[in-house]
Amino acid sequence: MTQDDFWSRLDAYLEELVPARPPELVTMEEYARERHFPIIGPAAGQLCYQLARMVGARRIFEMGSGYGYSTAWFARAVQENGGGEVYHVVWDEELSSRARGHLTRLGFADIVRYRVGEAVGALEQTDGPFDLIFNDIDKEAYAAALPAITAKLRSGGVLVVDNTLWSGRVWDERDQSASTRGIREFTRLVTGDPGWIVSLVPIRDGLTVAYRR
Ligand SMILES: C[S@@+](CC[C@H](N)C(=O)[O-])C[C@H]1O[C@@H](n2cnc3c(N)ncnc32)[C@H](O)[C@@H]1O
């Protein structure tokens, strides 16, 4: 088996382990495939849902929400945790309104709050604390977003950050693009700070899971 075979089989296997999703969520997955829109996908979605259940999250702030696929996993957890709020934040009006349609049909109208605008600024303008913050914004902004996240996440809360493997570009020293450097710098900061307990979970493109002491 080649390395490529291994990784694509691993992805397929992990996805098979995720229980069946509601038809609306499957429609969102198909849309991502057709349009090549980067969503977290089922295996990472399941991990996000699980983490949010494990910390009993009732308030979640999501940065870089697209058309609401990752939001749906968090909203389900908050609903099962007894209710609360999940902030959907994206700077594109069209994506925000598409998300509103999907998330309403999924039964999360009373949980999701919509903000159209830049996500770090939106977080700074929203009262904390949050139980869980998810970051999936443009990668060059990852390191600069960390102070705002730290200020709004409760002690005992969880930060989840997507794409921290970046298809392996993070360890390729020839890659000095702004996005790769942004992920590397974020990773260096969070793993070097004793205020966080951190693991990088190599599902799909890598999810950094950081527990705030
Ligand atoms: C990778 S996609 C989000 C996918 C979504 N988290 C999911 O898995 O379903 C990131 C989205 O956030 C938007 N975005 C990127 N940086 C942002 C920022 N700083 N503020 C607001 N939106 C941002 C992008 O335009 C894109 O629509």
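**Salt bridges, D205 and the ligand site**

Colleague: Which residue meets E80 in a salt bridge of 2.6 Å, N to O?

Modeller: This is a predicted model, in which local features need pLDDT of at least 70, side-chain atom pairs count only at pLDDT 80 or more, and totals for chains, interfaces and linings use all residues. Residues are numbered from 1 along each chain as its sequence is written, and side-chain values use heavy atoms, with hydrogens and water left out. A salt bridge is a side-chain nitrogen of Lys or Arg within 4 Å of a carboxyl oxygen of Asp or Glu. At 2.6 Å, N to O, the side chain that meets E80 is that of R53.

Colleague: How many residues apart in sequence are E80 and R53?

Modeller: Helices (H or I, at least four residues) and strands (E, at least two) are DSSP runs, numbered from the N terminus. E80 lies in helix α4 (residues 69–80) and R53 in helix α3 (residues 41–54), so the salt bridge links distant parts of the chain. The separation is 27 residues.

Colleague: Which helices are tied together by the salt bridge between R105 and E24?

Modeller: The closest N to O distance between these side chains is 3.0 Å. R105 and E24 sit in separate helices, so their pair ties together parts that are 81 residues apart in sequence. For R105 the helix is α5 (residues 93–105), and for E24 it is α2 (residues 23–35).

Colleague: Is E24 buried or exposed?

Modeller: Buried means under 20% relative accessible area, exposed over 50%, and partly exposed in between (1.4 Å probe, protein chains only). Its partner R105, at 56%, counts as exposed. With a relative accessible area of 18%, E24 is buried.

Colleague: What is the nearest side chain of opposite charge to D205?

Modeller: D205 is in the loop between β6 (196–201) and β7 (207–212). Lys and Arg count as positive and Asp and Glu as negative, while His and the chain ends are not counted. D205 is buried yet has no salt bridge, and the nearest opposite charge, 5.4 Å away, is on R204.

Colleague: Which side chain does a polar contact of 2.9 Å join to D205?

Modeller: A polar contact is a pair of N or O atoms within 3.5 Å; within protein, one must be able to donate a hydrogen and the other to accept it, and residues adjacent in sequence count only if both atoms are side-chain atoms. At 2.9 Å, the side chain joined to D205 is that of N163.

Colleague: Which residue offers a polar backbone atom 2.9 Å from a ligand nitrogen?

Modeller: The side chain of S70 has an N or O atom 2.9 Å from a nitrogen of the ligand, and so does that of D136. The polar backbone atom at 2.9 Å belongs to A119.
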